[in-house]
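Here is a short report on one chain, written for a reader who wants cut-offs next to values. It moves from totals to helices and then to charged pairs.

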Amino acid sequence: MATTAELFEEPFVADEYIERLVWRTPGGGSRGGPEAFDPKRLLEEFVNHIQELQIMDERIQRKVEKLEQQCQKEAKEFAKKVQELQKSNQVAFQHFQELDEHISYVATKVCHLGDQLEGVNTPRQRAVEAQKLMKYFNEFLDGELKSDVFTNSEKIKEAADIIQKLHLIAQELPFDRFSEVKSKIASKYHDLECQLIQEFTSAQRRGEISRMREVAAVLLHFKGYSHCVDVYIKQCQEGAYLRNDIFEDAAILCQRVNKQVGDIFSNPETVLAKLIQNVFEIKLQSFVKDQLEECRKSDAEQYLKNLYDLYTRTTNLSSKLMEFNLGTDKQTFLSKLIKSIFISYLENYIEVETGYLKSRSAMILQRYYDSKNHQKRSIGTGGIQDLKERIRQRTNLPLGPSIDTHGETFLSQEVVVNLLQETKQAFERCHRLSDPSDLPRNAFRIFTILVEFLCIEHIDYALETGLAGIPSSDSRNANLYFLDVVQQANTIFHLFDKQFNDHLMPLISSSPKLSECLQKKKEIIEQMEMKLDTGIDRTLNCMIGQMKHILAAEQKKTDFKPEDENNVLIQYTNACVKVCAYVRKQVEKIKNSMDGKNVDTVLMELGVRFHRLIYEHLQQYSYSCMGGMLAICDVAEYRKCAKDFKIPLVLQLFDTLHALCNLLVVAPDNLKQVCSGEQLANLDKNILHSFVQLRADYRSARLARHFS
């Protein structure tokens, strides 16, 4: 293959290059098989190619040497050119320095000459100015104004400048000698001031911004400049309040004036601030007073709503005005304006708020109890009541007549929602209307009212009434409504807790009142949980009592010791059926009344008591062989019922009881083996013996020997 420099361009791989050379050489590669391979020819090709490479290397080397010589030559020429440019640059820089020195010299001379000219011209101008003022002063002294500047209305600007200076001079003159001329100058000063203000007013009505700017610039040095600003502010507000929303009108007015005032006055921020002050202290204050005073004493609810709404809209307007340039401390300026409007209303706000909230909450509760035709009874307090409560908690005695509530829980989610809604609005108003330093304390006062009416007057009263309505454990066909009270109280307290976290916590989170609120909430929870636990415990006792009544009424001795052993057709006894139906109903009720771990805790307690009842009940009877089988069927049904509890301990107890019942039917010879079985091995020997004693054949089969 032809050897060229392009074959050695990067990336170059020597092995690939040799492979391509071998492949192109006839007889050098694997084409044609081993017979076609010709090493001599391949060697000859390698020798020739090496020679070609050597020739190409010599040629490239000569080319490189030629390029190196050319490069060295060009480098020398470039270096020579750079040296020449450096010399030219040094010459140019020297010329520049000379020119700079010359310019500085000329500038110094010019400045010196200017100072000299100014030193000559300034006294001359002052002398001319003084001469003119003396001339005008003489006219006032003579009592006849002849100069065109005073008689030509178009030269009012020049006249204003002159009279302003004359007025200042007149202030320095003694009154006894120049009283007449001073009064004439003052009179002219006042006339020109009035003319300028009138001109400004006319220009504003015509919308001539440039003329307003000229007149305002002239009036700036007059005493009546502030009156000019007042006129501007007054005319700006003419026709500005046409909508029903005065706050929106005020915002639009200030936005419009903000765009315009910079083109008219030299101190626009002062003028705009004065306009805003005028709007707040006159328009808004009057509007707020009209809105609040009419309902301040007659309607507290409307008063608080109006106060919150007006204060919110005023602060929103203030936020919009913060965009404008009102001077250095506009935040303080606007805050003072808002305070000046609402100070008399905010001072006693929390008293009005708490008073209204108490009366409103009391009304909501009373309306609810009236709708139930219920006369709220007083719940006893003090030592006697506390003693009764402790005795009741320890003994589960009713301690007083049971109250028939006719299934009424005396808890209402509608009432709770209304109370929480009123409190939520109170918290919102408190957040907006309270001083930051008073906010935690005011929020705590609202919280205590919520606790009083929701937790104590409503929930706690319902719990006390529910507790009083729980019948004694030996009552027949007792209606157990306390679980309904538990369910509703649980739901209500979740709502109470949500409001505590959502609306109260943000107001007190960074204050000492936080720990006080948390402590009060904790006390309320503990107090209610104690009463709920007491009520649930007594309700469970009633359930067990009801089961006892069912068993006593339905269970017969002949169930487990039938007269005809061969004619038993039932799978389980009627007492078992009714007890299981009752238990399933109560389990479902408990699951619907509670949530979380409370369900498991209560079901475990009921399951343990249910097991104890059945265990003690079974030990009251004597069992024949067929009766023992029926008892096993009953316990199997009880165990199936226990599965609904979904509590491992309860199921384990009934599994063990089922195993114990097997002792009632097992053959005497296998009795010892069954007692040592997996489920019964860990039980006390006396328990096993007590069950075996229930067998009808206990004496005849001499079963006592197995336990001796």
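A residue is called buried under 20% relative accessible area, exposed over 50% and partly exposed in between, with a 1.4 Å probe and protein chains only as cover. By that rule, buried residues make up 38% of the 708 residues in the chain.

This is a predicted model, so local features need pLDDT of at least 70 and side-chain atom pairs pLDDT 80 or more, while totals for chains, interfaces and linings use all residues. Residues are numbered from 1 along each chain as its sequence is written, and side-chain values use heavy atoms, without hydrogens and water.

**Overall make-up**

The chain has 24 helices and zero strands. Helices here are DSSP runs of H or I with at least four residues, strands are runs of E with at least two, and both are numbered from the N terminus. Contact means heavy atoms within 4.5 Å. Among contacts between residues at least 6 apart in sequence, 74% join residues at least 24 apart. The accessible surface comes to about 41700 Å², and 51% of that belongs to carbon and sulfur atoms. Areas come from the Shrake-Rupley method with a 1.4 Å probe.

**Helix α2 and the annotated span**

UniProt, in an unreviewed entry, lists residues 50–88 as "coiled-coil region". Such annotations may be inferred rather than shown by experiment; positions follow the numbering used here, and feature names are shortened. In the model, residues 50–88 are 100% helix and 0% strand, with end C-alpha atoms 56 Å apart.

Helix α2 covers residues 39–142 and contains Val106. Val106 is partly exposed, at 38% relative accessible area. Together with Tyr105 and Val110, Val106 makes a nonpolar surface patch of about 290 Å². Patch residues have over 30% relative accessible area and no salt bridge; nonpolar side chains (Val, Leu, Ile, Met, Phe, Trp, Tyr) are joined within 5 Å, like charges within 9 Å.

**Helix α12**

How far apart are the end C-alpha atoms of helix α12? They are 33 Å apart, which agrees with the 33 Å expected for the 23 residues of 349–371 at 1.5 Å a residue. The expected span is 1.5 Å times one less than the number of residues.

The buried residues of α12 include Tyr349, Ile350, Tyr356, Leu357, Ile364 and Tyr368. The buried set packs against α10 (300–321), α11 (330–346), α14 (413–433) and α15 (439–469). Just after α12, Asn373 takes a positive phi of about 55°.

**Salt bridges**

Side chains of opposite charge can pair when their charged atoms come close. A salt bridge is counted when a side-chain nitrogen of Lys or Arg is within 4 Å of a carboxyl oxygen of Asp or Glu. The whole structure holds 28 of them. Three are listed here.

| Pair | Closest N and O atoms |
|---|---|
| Asp230 and Lys274 | 3.0 Å |
| Glu408 and Lys372 | 3.4 Å |
| Glu554 and Lys578 | 3.0 Å |

Asp230 and Lys274 form a salt bridge that links helix α7 (225–236) to helix α9 (268–293), 44 residues apart. Asp230 is partly exposed at 33%, and Lys274 is partly exposed at 32%.

Glu408 and Lys372 form a salt bridge. Glu408 lies in the loop between α13 (383–395) and α14, and Lys372 in the loop between α12 and α13, so the pair ties together parts 36 residues apart in sequence. Glu408 is partly exposed at 23%; Lys372 is partly exposed at 38%.

Glu554 and Lys578 meet in a salt bridge. Glu554 belongs to helix α17 (513–554) and Lys578 to helix α19 (574–593), so the pair ties together parts 24 residues apart in sequence. Lys578 is partly exposed at 38%. Elsewhere, Glu199, Arg206, Glu208 and Arg211 are joined into one network by salt bridges that share partners.
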